[in-house]
Amino acid sequence: MITVQCDADLDALRPLTPGEIQLLAACRAGEPCRLNGGHLPDEAGSRRAQFIRADILRYLIMGGCEINPVASTGIDLHGAFISGTLNLATVKSHGAVGLQNCRFDRLFTLFQSEIQNLRLDGSHLCGLNGHGLNAANDVILRDVTDTGGINLFAARIGGRLDLGGADISPSKHLALNAKNAEIAGGVTLSSLCATGRVSLNGAVINGQMACENASLDAHGAAYAFKAQDTVIRSDLNCTGIRVKGMFSLSGAQVGGRLVLNHAEFDAASDDPATPAVRLVRMNVSEGLHWEGIRLGDGRVSLTSAHVGDLRHDLNSDMDSWPPADRFDLDGFTYDRMTGPSISPGTFIEWLRKGSTEKENFLPQPFTQLAKILRERGHDRDSRLILAERDRLIMKNIRDRARITDYDGTWSRAFLGLSRDASNFRRWAIDVMLRRTVGYGYRPFRSMWMLATLVVIAVTMAQMTWREGSFVPGAEAANGSEVWIALSGSGIPNPAQAWAETPVVQRDGTVSPPPGRDYPRFNAIAWGADLVIPIIDFGQTVHWGPSAGRGPWGLWLWRASFFLAAAGWIVTALGAAAITGIIRRE
């Protein structure tokens, strides 16, 4: 390698090629230098007219000398074949560096160099080492083709970084390394095709980041795109991105929106536990747009992430979310949920996808959504979500208590039977709480349950009365001679005859019924009196079913114990739910 610092140093490199002569003249004039029309040289064809040695190009990038001065605008070279390693390590450029549609046959090194502006649009690179690069303005690498990987580790870019349409296919796993980079403008990776890992860990991007229609293939690496703890001050738009390998924004902070609409993700791993999309602890200030996603293998994890708005259409786009065994929602929080109106059943279907971990139920996703619905005024939907949460909690307790790994010993078998007995008790309590008061979130359901019990009691009482199987409850009444005579006379309904039927005397006169002063029987009042403990019409005190007069009397006598107990339980649970005791406990 010859270090060229002045015109005399060029003697060792003379004769100069036509391309080098044209470049020297263009630099003195401050004009662009277009070799062969500025087209990318053909690797296999003749290129002498476009041939530029790296040593001469470095000399001009540094400003040339008095004999070969370079205008303050810097280098603007198009269509060159650059031979040798262009080593600008620790160099401070003279103006901008524009090497567009150029073909490099060796590594391009910008290690800790200082440049005003870098443009490599349409160029073919064999690797770019920009570790610690300090660019005052933009770094434009649009439509470049690279076979060695691009390294911008800890780079400082005062403008924007543009890799739109680039094709990076290194032999190693790392395609683009921008770890710990600071970029004052935005980052464009739209239509980028990268074979190997794209890493922006710890980068700070003060503008927006665009990755629309990018195609990223990990090519054997674990990650295809990794932006862990990255700070993006504005939007991150990944619409239409296609990722084969892990896509990770763990710990990232996005100051605007995160748009993942119509993206494709595939972990490309045989291990079902491998994440395809990992958004753990991510924070998005505005909204997460998740619509039209196509998922291959791998998990989607939103564990402990937070977004401002969650925008998706669950009614028609449930398939954008993975199944239950590949979805993590635990700790995921959001301020609002936007999109079409969604039924509680659809919400519950979505929540159940992401609320299990190794067969354990995680209630936080249900609690979070219920909170958001309540804040938006959807109190009923919120209560339904919480009721389903409690049902799944109770079910999970029973499932975890069961013993399925029997070892053939009696002790294990008896322990299993004991657990099953406890589970039956839990199941009975669960059904009672769910059916009567909806775990305290639907307290007025107890009224419908109470009304149902009253209807049953009234119906049975009416059938028993018609059968003639009711008797007076007061001892003074059922012990009287008139009642004893009527009950033994064989008439179908002695109670009705005693209390309601007038007595026709032998002389034709009509006398009032013997029990005219006794409280009349009323099936509705009797049923309500039996079932509702806080009501006392006096019917059950004065009238009771006889177990020995007919089948209806026997059935009502047996059922009255259950109906009275059920009435007490339902009333107590309803009162506890209305006052909030059940939810607090």
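**Exercise 1. Contacts of His289**

Task: Find which residues His289 is in contact with, leaving aside its neighbours within four places in sequence. Then decide whether His289 is buried or exposed.

Solution:
- The model is a predicted one.
- Step 1. Beyond its sequence neighbours within four places, His289 is in contact with Arg257, Leu258, Val259, Leu260, Asn261 and Arg311.
- Step 2. Place the residue: His289 is found in strand S37, residues 283-289.
- Step 3. Apply the cut-off: buried means under 20% relative accessible area. His289 has 16% relative accessibility, so His289 counts as buried.

**Exercise 2. Partners of strand S37**

Task: State which strands are joined to S37 by bridges, and how they run.

Solution:
- Step 1. Start with strand S33, residues 253-254. S33 is joined to S37 by 2 bridges, and the two run parallel. Val254 has Val284 as its bridge partner in S37.
- Step 2. Take strand S34, residues 258-259. Again 2 bridges lead to S37, in parallel. Here Leu258 has Leu288 as its bridge partner.
- Step 3. Go on to S40. S37 and S40 run parallel and share 5 bridges. Leu288 has Leu310 as its bridge partner in S40.
- Step 4. Combine the pairs: Leu288 of S37 is the bridge partner of Leu258 and also has Leu310 as a partner in S40.
- Background: strands of a sheet pair through backbone hydrogen bonds, either parallel or antiparallel.

**Exercise 3. Edges of the open sheet**

Task: For the open sheet of 11 strands, give the order. Which strands stand at the edges, and why is one side of each without a neighbour?

Solution:
- Step 1. The order is S5-S8-S12-S16-S20-S24-S28-S32-S36-S39-S41, with parallel pairing.
- Step 2. S5 (86-87) and S41 (327-328) are the edge strands. Each has a single partner strand, so one side of each is left without a neighbour in the sheet.
- Step 3. Check the S41 end. S39 (residues 299-301) runs parallel to S41, joined by 2 bridges. Val300 has Phe327 of S41 as its bridge partner.

**Exercise 4. The surroundings of helix H3**

Task: Work out how many residues of H3 are buried and what covers them.

Solution:
- Step 1. H3 spans residues 344-353. Of its 10 residues, 7 are buried, so the helix is largely enclosed by the rest of the structure.
- Step 2. The buried residues are Pro344, Thr346, Phe347, Ile348, Trp350, Leu351 and Lys353.
- Step 3. Their cover includes strands S40 (306-311), S41 and S42 (333-338). Helices H4 (364-375) and H5 (379-401) also belong to this cover.
- Step 4. Link back: S40 is also joined to S37 by 5 bridges.

**Exercise 5. Positive phi outside glycine**

Task: Locate Ser191 and His219, and give the phi of each.

Solution:
- Step 1. Ser191 sits in the loop between S22 (187-188) and S23 (193-195). Its phi is positive, about 60°, although Ser191 is not a glycine.
- Step 2. Ser191 has a relative accessible area of 42%, so it is partly exposed.
- Step 3. His219 is in the loop between S27 (215-217) and S28 (223-226). Its phi is near 55°.
- Step 4. His219 is partly exposed too, at 44%.

**Exercise 6. The chain as a whole**

Task: Set the radius of gyration of the chain against that of a compact globule of 585 residues.

Solution:
- Step 1. Such a globule would have a radius near 25 Å, but the chain has 42 Å.
- Step 2. Look at the box filled by the C-alpha atoms: roughly 155 × 55 × 35 Å along the principal axes.
- Step 3. Count the elements: 14 helices and 48 strands.
- Step 4. Buried residues make up 49% of the 585.

Key
Residues are numbered from 1 along each chain as its sequence is written. This is a predicted model: local features need pLDDT of at least 70, side-chain atom pairs count only at pLDDT 80 or more; totals for chains, interfaces and linings use all residues. Side-chain values use heavy atoms; hydrogens and water are left out. Helices (H or I, at least four residues) and strands (E, at least two) are DSSP runs, numbered from the N terminus. The radius of gyration is taken over C-alpha atoms; the globule rule is 2.2 Å times the number of residues to the power 0.38. Buried means under 20% relative accessible area, exposed over 50%, partly exposed in between (1.4 Å probe, protein chains only). Contact means heavy atoms within 4.5 Å. Two strands pair if DSSP finds at least two bridges between them.
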